[in-house]
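Please walk me through the inside of this protein chain. I would like to know how the core, the helices and a few chosen residues fit together.

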Amino acid sequence: MPHILIVEDETIIRSALRRLLERNQYQVSEAGSVQEAQERYSIPGFDLIVSDLRLPGAPGTELIKLAEGTPVLIMTSYASLRSAVDSMKMGAVDYIAKPFDHDEMLQAVARILRDRQEARNAPATAAASNVRGSGAEKPAESANGEIGIIGSCAAMQDLYSKIRKVAPTDSNVLVQGESGTGKELVARALHNLSRRAKAPLISVNCAAIPETLIESELFGHEKGAFTGASAGRAGLVEAADGGTLFLDEIGELPLEAQARLLRVLQEGEIRRVGSVQSQKVDVRLIAATHRDLKTLAKTGQFREDLYYRLHVIALKLPALRERGNDVLEIAQAFLVRQYSRMGREPLRFAHDAEQAIRHYPWPGNVRELENAIERAVILCEGAEISADLLGIDIELDDLEDDDFGLPGSSQSSSGSHEPTEDLSLEDYFQHFVLEHQDHMTETELARKLGISRKCLWERRQRLGIPRRKSGVTSSP
């Protein structure tokens, strides 16, 4: 069982994080400061350290030296995100913004531990030692091992070939595909196989940042540029200097921010909000979207000149339902990962489970498949996972239980969250959002539904529920 050290001075956050990790089969120790951690524990003996950036006494980045190679995940408030990026340059393995989404934290922890285990198992002379795995890698002898994505169907083989050709260049790349297909994995593969692999990869979800803050977050601002700007700050584009900037859901970027981004691509320079001075940046841009940017450009919702700048190289990710037997291969990899992480004896899929996995359309794609298998492993009492444990119904294509709870929740579509027995999860979601969006922020809506803000936004898009402009201010 992996042993994790939490270093956080706020007792409530530390306790909540401890409970979350322990519920997910991790052994956890805790401390309120770097000094306390040094006095109580042998820091290099942990598998992972999760630390707040700002602590009493020494900052959390001090643990990077003390850890002697043990990965350190830095937590930071939303306002100090750029400081966290700086900590990555000092050797932190990753950062996560507070208040964090539970799913996001668990995914980050699982990925970091998985990468560490893979690095231990890999030969010391492996040429791919600097390439981070996706979390669903095939055996080392597979043709796409350095890509880090599972799948051998014709569409994926074509994608791997294009990634290998494009990665060494500095060309802009547009990754297209449905939500949950793994667009960020493609971005990571492009970065890791490029000459920028040792520089930062900065990932930004354009849909998750409030519209009023997106320009400041991306391009930075000067002191006094707007109300509350008490000090100048660098933006995430600046933080990615020398590395790669990945803009997920770029179709949600406001037109004003699109104009600034176009200047970055055309001139290789940025100008902070409120500044008259420009500065040069060397950034490779990878953008992703599930929307048709060409159509948006024709209707004036997306800048046409920016679209053509982005569309130098377009990579298309197929939906999981279009990948044939890849779904079983991916499911098997997820199964091995989950029972290993939970310290279980090896599990296998029953025949009916394999049939269900193969024929279910997986509207949530790989993300939905992973959540379904994690839940099944938790609920399984024997050595075989049956179809009913997956919590899917191949006759109800749109049912996505996973989005209404943490991975591993045993709640089904007839759970207590539904106001009536006849109301589906989709109906309930629409009913709840329309009823409460006038007096609740997006963060509050997501928290009440038990989903992330990104998932809330994705469901709004799919169900055609626009975000209503009201007096309620979203929390960052």
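## Cores and packing

The largest nonpolar core holds 49 residues, and those with the most contacts inside it are V237, L245, L247, I250 and L310. Helix 10 (residues 255–267) gives the largest share of this core, five residues. Apart from it lies another core, of 28 residues, with V327, I330, V366 and L390 among them. A nonpolar core here is a set of buried Ala, Val, Leu, Ile, Met, Phe, Trp, Tyr and Cys residues joined through side-chain atoms within 4.5 Å. Buried means under 20% relative accessible area, exposed over 50%, and partly exposed in between (1.4 Å probe, protein chains only). In soluble globular proteins, nonpolar side chains tend to be buried together.

This is a predicted model: local features need pLDDT of at least 70, side-chain atom pairs count only at pLDDT 80 or more, and totals for chains, interfaces and linings use all residues. Residues are numbered from 1 along each chain as its sequence is written, and side-chain values use heavy atoms, with hydrogens and water left out.

The protein chain has 18 helices and 14 strands. Helices (H or I, at least four residues) and strands (E, at least two) are DSSP runs, numbered from the N terminus. Of the 476 residues in the protein chain, 53% are buried. Contact means heavy atoms within 4.5 Å. Among contacts between residues at least 6 apart in sequence, 67% join residues at least 24 apart.

## Three buried residues

The table gives relative accessible area.

| Residue | Place | Relative accessible area |
|---|---|---|
| I214 | helix 8 (residues 214–219) | 1% |
| Q258 | helix 10 | 0% |
| W457 | helix 18 (residues 453–463) | 12% |

Start with Q258. Its side chain reaches the backbone oxygen of L253 at 2.7 Å, a polar contact (a pair of N or O atoms within 3.5 Å; within protein, one must be able to donate a hydrogen and the other to accept it, and residues adjacent in sequence count only if both atoms are side-chain atoms). Beyond four places in sequence, Q258 touches L253, Q301, F302, R303 and L306.

I214 also touches L253, along with C206, I209, P254 and A257, again leaving aside neighbours within four places. I214 and A257 are 43 residues apart in sequence, yet 7.3 Å apart in space, C-alpha to C-alpha.

C206 recurs in the contacts of I250, which include L261, F302 and L310 as well.

W457 touches A207, E249, E252 and H290, not counting residues up to four places away. W457 and A208 are 249 residues apart in sequence and 8.0 Å apart in space, C-alpha to C-alpha.

## Helices 15, 17 and 18

Helix 15 (residues 365–379) is mostly covered: eleven of its 15 residues are buried, including V366, L369, I373 and V377. Its cover includes helix 13 (326–341), strand 13 (348–349), helix 14 (351–359) and strand 14 (384–385).

How do helix 17 (residues 442–449) and helix 18 meet, and at what angle do their axes cross? The axes come within 9 Å and cross at roughly 95°. Helix 17 and helix 18 are therefore roughly perpendicular to each other, a term for angles of 65 to 115 degrees. Axes are lines fitted to C-alpha atoms, for helices over the stretch in contact, and angles run from 0 to 180 degrees between N-to-C directions. E442, T443, L445, A446 and L449 of helix 17 make the contact with R453, L456 and R460 of helix 18.

Definitions and conventions. Angles under 35 degrees count as roughly parallel, over 145 as roughly antiparallel, 65 to 115 as roughly perpendicular and the rest as oblique.
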